[in-house]
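Subject: Structure for your files

Hello,

Here is the structure I said I would send, with the sequence alongside. My notes on what was found follow below.

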Amino acid sequence: MLAGKRIVLGVTGGIAAYKSVEVCRRLVDAGAHVIPVMTAGAEHFLGATTLSALASEPVQRSLWNEASPIPHTRLGQQADLIVIAPATARLLAAYAAGLSTDLLTNTLLATRAPVVVCPAMHTEMWEHPAVQDNLAVLRRRGVHVVEPDSGRLAGGDVGAGRLASPERIVAACAAALDGGPMAGWRVVVSAGGTREPIDAVRVIANRSSGKQGYAIAAEAARRGAAVTLVSTVDLPGPAGVTIERVETAAQMHEAMARLAADADVVVMAAAVADFRPVAVAAGKWKKDQGAPPIVLEPTPDILAALGAAKPAGQTLVGFAAETDDVVANAEGKLRRKHLDLIVANDVSRPGVGFQHDTNAVTLIRAGGRVDTVALATKERIAGCVLDTVCELRADSSHPTPTPAEPSAEQGASS
Ligand code: C5P
């Protein structure tokens with residue numbers, strides 16, 4: 001996978017810069033043509049001579065001093081892959097903001113090749129919301145992030161932020177070039193809360209922001225899947241994802257049933273209204289008419305219908321937003337709706353569920369395995385959900401529940 005590929009190895013100014021030498025050596029050993037680019041900061045930590053000696057070409061450092069008059073576009077245009085190891089908080093911020101102040105940031109903007117960033121920094125910096133927000137932006141744009149390890153850091157500190165091992169970095173480069181572990185899969189994700197009209201201007205809605213569904217769609221696309229997102233919200237679409245906008249439960253039902261028929265993976269992350277007004281008033285209901293008599297009827301349970309019609313080999317994932325008996329309630333939904341996996345969250349906990357940028361979940365598989373994921377960004381939760389989906393699909397023995405009668409259950413909307 002790496003043999004014959006032109007790989008730009010970006011090295012930024014962190015103490016872990018010395019480890020880029022090992023990454024470079026392994027890429028060259030795997031047959032890649034490696035062009036190192038160092039930032040001014042990197043040179044405080046690593047001599048360019050070392051990297052030049054091991055790479056396929058000498059280190060490039062400047063926008064202005066190289067033999068080529070336009071190194072800022074040439075490098076990026078010709079690359080098959082760009083990997084930044086280590087990536088400092090500054091590099092992540094500049095890349096997320098689209099700043100092009102040096103050769104490396106210019107190269108990042110002038111490429112259509114896959115990009116792998118390998119952050120390394122002190123724990124306080126790694127956990128800072130500014131750094132995590134920048135990573136979320138980059139992930140949404142399709143950038144591959146190799147998360148740092150926990151361990152010994154510079155200055156004797158211990159914690160998260162240590163550069164991932166050269167093995168992991170090289171494996172991530174190979175996976176990014178490969179098209180990703182979900183290449184060839186059709187994935188359908190729903191996101192946001194449905195809105196059920198009362199009259200021409202008013203709706204019954206819920207607090208869902210759609211952020212978790214968007215993060216799952218972005219992560220699936222980054223892993224190589226062809227992703228369609230059925231969404232009720234107006235967020236910018238993740239890179240490479242096709243968006244279908246819907247508003248009501250009925251519209252979402254139609255879109256999901258149509259798209260799920262030939263999907264490999266369906267993730268129902270939307271918060272669907274369980275009830276809708278039976279009649280929609282024509283025009284705007286006037287205040288002086290008094291309070292409108294709103295009679296509600298159940299909406300279709302989309303997920304239960306998808307479970308009942310599930311094609312062989314499809315992996316069906318549901319969500320369960322709960323406030324009590326989280327695991328027991330979610331297990332009931334998993335069984336009744338014929339799911340392969342349910343993602344349960346306790347939305348009464350701080351930082352969990354609707355509208356937050358973070359979430360904490362319990363992943364319950366049809367086979368009975370239960371995994372908990374502590375509070376993390378919705379992007380990281382998305383990674384855990386899709387890791388589990390990949391494991392389920394890799395394990396051909398995973399039980400696919402047999403669809404029976406469609407469930408009549410109408411629980412609280414998540
Ligand atoms: O039963 P409950 O509504 O709690 O189940 C939540 C799961 O079911 C979520 O995945 C949600 O998207 C889905 N759902 C649905 N149609 C409904 C209600 C919920 O697909 N009418």
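Two strands count as paired if DSSP finds at least two bridges between them. On that basis, eight strands of this predicted model form an open sheet of mixed pairing, in the order 12-11-8-13-16-17-18-19. Strand 12 (242–245) and strand 19 (370–377) are the edges; each has a single partner strand, so one side of each is left without a neighbour in the sheet. From one strand to the next the twist averages 20 degrees.

At one end of that order, strand 11 (residues 226–231) pairs with strand 12 in the parallel sense, over four bridges. Ser231 is the residue that stands opposite Arg245 in strand 12.

Two helices to look at on this sheet are helix 12 and helix 13. Helix 12 (residues 326–336) packs on the sheet and touches strand 16 (315–322), strand 17 (341–346), strand 18 (358–365) and strand 19. The direction of helix 12 makes about 150 degrees with that of strand 17. Helix 13 lies across strand 13 (265–268), strand 16, strand 17, strand 18 and strand 19, and runs at about 15 degrees to strand 18.

Helix 13 (residues 378–394) also packs with helix 9 (residues 211–222), at an angle of about 60 degrees and with the axes 8 Å apart. That angle makes helix 9 oblique to helix 13, and their crossing is right-handed. On the helix 9 side the contact includes Lys211, Gln212, Ala215, Ile216, Glu219 and Ala220; these meet Lys378, Glu379, Ile381, Ala382, Gly383 and Leu386 in helix 13. By type, the residues of this contact divide into six nonpolar, two polar and four charged.

Now the other sheet. An open sheet of five strands has the order 2-1-3-4-5, with parallel pairing. Its edge strands are strand 2 (33–38) and strand 5 (144–145), each of which pairs on one side only. Strand 1 (residues 6–11) runs parallel to strand 2 and is joined to strand 2 by six bridges. One detail to check on screen is Arg6, whose bridge partner in strand 2 is His33. Helix 1 (residues 20–29) packs on this sheet, where it touches strand 1, strand 2 and strand 3 (81–87). The direction of helix 1 makes about 175 degrees with that of strand 1.

There is a further helix pair to report. Helix 4 (residues 89–97) and helix 7 (residues 129–140) have axes that come within 9 Å and cross at roughly 45 degrees. That makes helix 4 oblique to helix 7, and helix 4 passes helix 7 in a left-handed crossing. Ala89, Leu92, Ala93, Tyr95 and Ala96 in helix 4 meet Val131, Asn134, Leu135, Val137 and Leu138 in helix 7. The residues of this contact divide into nine nonpolar, one polar and no charged.

Last, the confidence. The average pLDDT of the chain is 91, and 93% of the residues score at least 70. Where does pLDDT stay under 50? That stretch is residues 397–414, for which the model has 44 contacts beyond four places in sequence.

Regards

Key:
Residues are numbered from 1 along each chain as its sequence is written. This is a predicted model: local features need pLDDT of at least 70, side-chain atom pairs count only at pLDDT 80 or more; totals for chains, interfaces and linings use all residues. Side-chain values use heavy atoms; hydrogens and water are left out. pLDDT is the predictor's confidence in each residue, from 0 to 100. Contact means heavy atoms within 4.5 Å. Axes are lines fitted to C-alpha atoms, for helices over the stretch in contact, and angles run from 0 to 180 degrees between N-to-C directions. Angles under 35 degrees count as roughly parallel, over 145 as roughly antiparallel, 65 to 115 as roughly perpendicular and the rest as oblique. A crossing is left-handed if the near helix is turned anticlockwise from the far one by less than a right angle, and right-handed if clockwise. Ala, Val, Leu, Ile, Met, Phe, Trp, Tyr, Cys and Pro count as nonpolar, Asp, Glu, Lys and Arg as charged, and the others, Gly among them, as polar.
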